[in-house]
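Here is a short set of exercises to work through with the model open beside you. Try each task before reading its solution.

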Amino acid sequence: MAHGTSAAGNEEAHHGAARYVVVWLALVVLTGATFVAWRVKLPEPWHLLVALFIAGAKALLVVLFFMHLWDHRGPSRLVLATSLVFVALLIGLVVADNATRFPLANPPRDGNYVRTGILPEPAPALPSLPEPPRVPGR
Amino acid sequence: MQPETQAVHLAHHFPSLRTQEQAARLGMWLFLATEVLLFGALFTAYSLYRYLFPHAFEGASALMHTSWGTANTLVLITSSLTVALGIHEVSRGRNRRATLYLLATLAFAVAFLVIKYFEYSHHIHEGQLPGRFYSFAELQVAGASMFFTLYFLMTGLHGLHVLIGMGVLAFLTVQVWRGRYGPGYYTPVELGGLYWHLVDLIWIFLFPLLYLI
């Protein structure tokens, strides 16, 4: 609470600089963990989920300890939480909208591209059309 | 700090310096919330196009230099540490050490931008550019240019925030060095630090979404 006051209740007296260093170490370890998780190429949903979970954990550490929301209770937390809820709503609803559309209302999903060896899966081959019947007399 | 010096910083419409600090902090958090919403719009666009072009995003992300991105992540979280330590030192009245920590933060910010410069020039050289300027022959995929559009938009806006943050921190460094702030009053330094942590926070999400697909 008492950041920036000379009042006796300054909570920095309780933790000091060591806490920042511990948080920083945790952030470095988590960065290494997310890098390793990327290298081992987890199966499909986990690949994204683990990366986002680690990013969320890092963000929580920064917000709570570097930005002092652990100590500053009250409106600051509410303001941040509200903004995050609205971002989550926006992302969730926009993706849900596109996920539930009639398929042709969306652009073709990776259907039409030139394969060059970078992409992990081969492009689906277009079915070859049968020869058109010859019209006699032409 | 003496009560007289505190009185210099106290605006007349606040009953005490403590109330003023809490109001200033809440105002800063409101501003940071608008920043979250600003980047939230870009994260929404990212989510949508990643949903529509999952393989194109995977292929385009494979063109990113993950080691540089990781290095920049480490640079930014370390700069967050130094700015937090700097504020801690100001609150203890050790302005000399605080100045050094803030200068270190600025140095890390420069390092971040230098690495970003090398990344950008590589992508520009390869033709991995936004929109219709995309001309990278080895990945001609619907959606690949969207990835680079979002990459340049998101990292560009983030880079702009790094520049603004550097300006704020440079100003605060000079003020701290001159002894303008001390244990009695250092709210501006604290709020500048909050801005810098937000810049770090956004990068924490940009890093996995752009480099670790």
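**Exercise 1. A histidine and its surroundings**

Leaving aside its neighbours within four places in sequence, which residues is B:H158 in contact with? Work this out in the predicted model, and then decide whether B:H158 is buried or exposed.

Solution.
- Step 1: find the residue. B:H158 sits in helix α6 of chain B, which spans residues 144–177.
- Step 2: list the contacts. With neighbours within four places set aside, B:H158 is in contact with B:F39, B:L76, B:F112, B:V199, B:I202, B:W203 and B:L206.
- Step 3: look for a polar partner. The backbone oxygen of B:V199 is reached by the side chain of B:H158 at 2.8 Å.
- Step 4: classify. The relative accessible area of B:H158 is 1%, and buried means under 20%, so B:H158 is buried.

**Exercise 2. Two further histidines**

Take B:H161 and B:H125 in turn, and say of each whether it is buried or exposed. Which side chain does the side chain of B:H161 join in a polar contact?

Solution.
- Step 1: place B:H161. Its helix is α6 of chain B.
- Step 2: collect what B:H161 touches. Not counting residues up to four places away in sequence, these are B:E35, B:L38, B:F39, B:Y195 and B:V199.
- Step 3: pick out the polar contact. The side chains of B:H161 and B:E35 are joined at 2.7 Å.
- Step 4: classify B:H161. With a relative accessible area of 6%, B:H161 is buried.
- Step 5: turn to B:H125. This residue lies in helix α5 of chain B, residues 95–126.
- Step 6: classify B:H125. Its relative accessibility is 69% and exposed means over 50%, so B:H125 counts as exposed.
- Step 7: check a distance. B:H125 and B:F136 are eleven residues apart in sequence, and their C-alpha atoms are 9.6 Å apart in space.

**Exercise 3. Salt bridges**

How many salt bridges does the structure hold over all chains? Describe the pairs A:D97 with A:R101, B:R25 with B:E190, and B:R97 with B:E89.

Solution.
- Step 1: count. Over all chains there are six salt bridges.
- Step 2: start in chain A. The closest N and O atoms of A:D97 and A:R101 are 2.9 Å apart. A:D97 counts as partly exposed at 34% relative accessibility, and A:R101 counts as partly exposed at 36%.
- Step 3: move to chain B. In the salt bridge of B:R25 with B:E190, the closest N and O atoms are 3.1 Å apart. This pair links distant parts of the chain, 165 residues apart: B:R25 is in helix α2 (residues 17–52) and B:E190 is in helix α7 (residues 187–211). Both B:R25 and B:E190 are buried.
- Step 4: examine B:R97 and B:E89. Their side chains meet at 3.7 Å, N to O. B:R97 is partly exposed, at 43% relative accessible area, whereas B:E89 is buried, at 2%. Salt bridges that share partners join B:E89, B:R94 and B:R97 into one network.

**Exercise 4. The interface of the two chains**

How many residues of chain A are in contact with chain B, and how many salt bridges does the rule find across the interface?

Solution.
- Step 1: describe chain A. Its secondary structure comes to four helices and zero strands. Buried residues account for 31% of its 138 residues.
- Step 2: count contacts. 61 residues of chain A are in contact with 66 residues of chain B.
- Step 3: take the area. The two chains bury about 5,500 Å² between them, and 71% of this is on carbon and sulfur atoms.
- Step 4: count the polar features. The rule finds zero salt bridges across the interface and two residue pairs in polar contact.
- Step 5: assign the elements of chain A. Those giving two or more residues to the side that touches chain B are α1 (12–15), α2 (17–39), α3 (44–66) and α4. The largest share, 14 residues, comes from α4 of chain A.

**Exercise 5. A nonpolar patch**

Which residues make the nonpolar surface patch of about 490 Å²?

Solution.
- Step 1: name the members. The patch is made by A:V85, A:F86, A:L89, A:L93 and B:L37.
- Step 2: find the main contributor. Helix α4 of chain A (residues 75–99) gives the largest share, four residues.
- Step 3: check one member. A:V85 is partly exposed, with a relative accessible area of 49%.

Notes:
Residues are numbered from 1 along each chain as its sequence is written. Chains are lettered from A and ligands numbered from 1 in the order in which they are written. This is a predicted model: local features need pLDDT of at least 70, side-chain atom pairs count only at pLDDT 80 or more; totals for chains, interfaces and linings use all residues. Side-chain values use heavy atoms; hydrogens and water are left out. Patches are made of residues with over 30% relative accessible area and no salt bridge: like charges are joined within 9 Å, nonpolar side chains (Val, Leu, Ile, Met, Phe, Trp, Tyr) within 5 Å. Accessible areas come from the Shrake-Rupley method with a 1.4 Å probe; for residues, only the protein chains shown count as cover. A salt bridge is a side-chain nitrogen of Lys or Arg within 4 Å of a carboxyl oxygen of Asp or Glu. Buried means under 20% relative accessible area, exposed over 50%, partly exposed in between (1.4 Å probe, protein chains only). Contact means heavy atoms within 4.5 Å. Buried area is the accessible area (1.4 Å probe) that two parts lose on being put together, summed over both. A polar contact is a pair of N or O atoms within 3.5 Å; within protein, one must be able to donate a hydrogen and the other to accept it, and residues adjacent in sequence count only if both atoms are side-chain atoms.
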